[in-house]
Amino acid sequence: MYYEQTYKAREELLELLEGISEEQLHQKHENLWTVSQNVEHLYLIENKITNGLRKAIEVKNEVEEKDLPLAKMLANRTYKVEAPEDIVPSEHPYTKAELVELLEQSRNNLNTFIQEVEVDEEALHKYGFNHRWIGDLSAQQWVQLIGFHERRHIEQINQTLNNTVQ
């Protein structure tokens, strides 16, 4: 299934969070986000993408689905991307339980969307919207991008943890 790797990435993230202490959630390393900030960002972006896809399908925003190496593009962390203001995480001191709840909320939103559109396979390939540096992506590609983006942030979390261990 097109969303399988997105679900696997979430499993990896939740497993990683299990092994992190409450203190580690908020440790800062250089110009990297904290673990908490990475997770909040993933929650924000998953909701933004899912809501954007609902709207794209509702208004029938057609895109030309291109064959793109999304996994490779998102894995390249040598290219730093500034997050748009609406998905920049806060300084809020979330607990691990609160972060897991946020992830559950955004994933429930995505799951509901997938169930709504799964009956219309054509819509997954025909409708979507523009990614600011990749270009137009179909609904299916956006769902895949969520997982690739999450893996990118798992790497960033690991970098933060490896550099803040006392």
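**Charges, fold and one buried glutamate**

**View 1. Where the charges sit in this predicted model.** The chain carries 17 positive and 30 negative side chains, and the centres of these two sets are 5 Å apart. Lys and Arg count as positive, Asp and Glu as negative, with His and the chain ends left out; each charge is placed at NZ of Lys, CZ of Arg, CG of Asp or CD of Glu.

**View 2. The chain and its helices and strands.** You get six helices and two strands, running α-α-α-α-α-β-β-α along the sequence. The radius of gyration (over C-alpha atoms) is 16 Å, close to the 15 Å from the globule rule (2.2 Å times the number of residues to the power 0.38) for 166 residues, so the chain is as compact as a globular protein of that length. Helices (H or I) are DSSP runs of at least four residues and strands (E) of at least two, numbered from the N terminus.

**View 3. A close-up on Glu150.** Glu150 belongs to helix H6, residues 139-164. With 1% relative accessibility, Glu150 counts as buried (under 20% relative accessible area, 1.4 Å probe, protein chains only). Setting aside residues up to four places away in sequence, Glu150 touches Ala9, Arg10, Leu13, Leu42 and Arg107 (heavy atoms within 4.5 Å).

**Notes for all views.** Residues are numbered from 1 along each chain as its sequence is written, and side-chain values use heavy atoms, without hydrogens or water. Local features need pLDDT of at least 70 and side-chain atom pairs count only at pLDDT 80 or more, while totals for chains, interfaces and linings use all residues.

Note on methods. Buried < 20%, exposed > 50% of the residue type's maximum accessible area, 1.4 Å probe, protein only.
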